[in-house]
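The following questions and answers introduce a protein structure to a reader who has not met it before. Please consult the sequence and the model while reading.

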Amino acid sequence: MTTASHVLDRVLVLEMVRVTEAAAIAASALVGRGDEKAADAAAVQAMREAFNGLYMDGTVVIGEGERDEAPMLYIGEKVGSAPGKGPKIDIALDPLEGTTITAKAGPNALAVLAIAEKGGLLNAPDVYMEKIAIGPGYPAGTIDLTKSATENVEALAKAKGVKPAEIIACVLDRPRHEKLIAELRGIGCGIMLIPDGDVAGVIATSNPDTTIDIYMGQGGAPEGVLAAAALRCVGGQFQGRLVFRNDDERARARKWGIEDLDKIYQLHDLATGDCIFAATGVTDGSLLEGVKRMRGRMTTESVVMRASSGTVRWVKGEHRL
């Protein structure tokens, strides 16, 4: 069992919900408007303001990009009202996971974040990561990134006590996954293709109601850390390996202290110790309902989890306009 952190006060659990709520509400005003950048900017601004109202000495370790690429919530930015005084907290965030989804009013757009004690979250470079994840309840080592998709599905099916054709895999709908999709369909595996939002895709493996058994494929490395933090709280298995397309991306990884470029990261390599994960729905999805705007009020749905207690709280909020 993960030991409770003295830094991550219990009060912060619900404070993190307020932060993701603020970002989700701001982004929701631009759902379906076709402007990805405006939706993302609104979420970033709202999340930053919410963080700066909290008594803490926070550092963004996974954010909107490096300082010269992102005006706010960039990697290394300090947030919180007590720099040098409050508890030192590392933050991984995606104020709007699913900018394209939001612009097109599609499903599964989220405002997400994870926090841990200083040093508890991997400083993942903004590159691709090959990922595989399953939910809790399976023997350790059920999945193995060094094995083929077929071997992993067969191992999971055996552990679950079903045939491989009864397994449902979640995969990002991208041209780079054509071979993976063909291999999975070749063994009769069902595939749920998603347009974006692989944090929600990974977390879905932990919720039987989604019917998703396994997540596979390449997505963003920063999103991999966020998803790993969520699985640390609810249980499950995750492996990831960074994917580099050129020397510039390899140099970026080394800049953040990553020397073994071929390393396969386990769950605890990405998010260690006690951590808190929070998410609020922007649009309706398999994990959460989106923001609903009605006359004079709005409603939100959020989830917040903590690794040390294994507690998962579902929070319904009603907000006056």
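UniProt positions are given in the numbering used here, and the annotations may be inferred rather than shown by experiment. The model is predicted.

Q: Which residues of the UniProt feature "binding site" does the lining of the largest pocket include?
A: The unreviewed UniProt entry places this feature at residues including Pro175 and Gly220. Of the residues in that feature, the lining of the largest pocket includes Glu97, Gly98, Thr99, Tyr128, Arg174, Arg176, Asp196, Gly197, Asp198 and Gly220.

Q: Is Glu97 buried or exposed?
A: Glu97 is found in strand β3, residues 88–97. Among its contacts beyond four places in sequence are Asn108, Gly197, Asp198 and Glu223. Buried means under 20% relative accessible area. Because the relative accessibility of Glu97 is 2%, this residue counts as buried.

Q: Where does Arg174 lie?
A: Arg174 is partly exposed, with a relative accessible area of 22%. Beyond four places in sequence, Arg174 touches Ile194, Pro195 and Asp196. Its place in the chain is the loop between β6 (168–172) and α5 (178–186).

Q: Which helix gives the most to the largest nonpolar core?
A: This core has 50 residues, and those with the most contacts inside it include Leu270 and Phe238. With 9 residues, the helix that gives the most to this core is α7, residues 221–234.

Q: Where does the largest nonpolar core lie with respect to domain 1 and domain 2?
A: Domain 1 comprises 10–121 + 274–320, and domain 2 comprises 128–270. Both domains give residues to the core, so it lies between them.

Technical notes: Residues are numbered from 1 along each chain as its sequence is written. This is a predicted model: local features need pLDDT of at least 70, side-chain atom pairs count only at pLDDT 80 or more; totals for chains, interfaces and linings use all residues. Side-chain values use heavy atoms; hydrogens and water are left out. On a 1 Å grid over the protein atoms alone, a cavity is a set of points where a 1.4 Å probe fits but cannot get out, and a pocket is an open set with protein on both sides within 12 Å along at least five of seven lines; lining residues have an atom within 4 Å of a point. Helices (H or I, at least four residues) and strands (E, at least two) are DSSP runs, numbered from the N terminus. Buried means under 20% relative accessible area, exposed over 50%, partly exposed in between (1.4 Å probe, protein chains only). Contact means heavy atoms within 4.5 Å. A nonpolar core is a set of buried Ala, Val, Leu, Ile, Met, Phe, Trp, Tyr and Cys residues joined through side-chain atoms within 4.5 Å. Domain bounds come from an automatic or database domain assignment.
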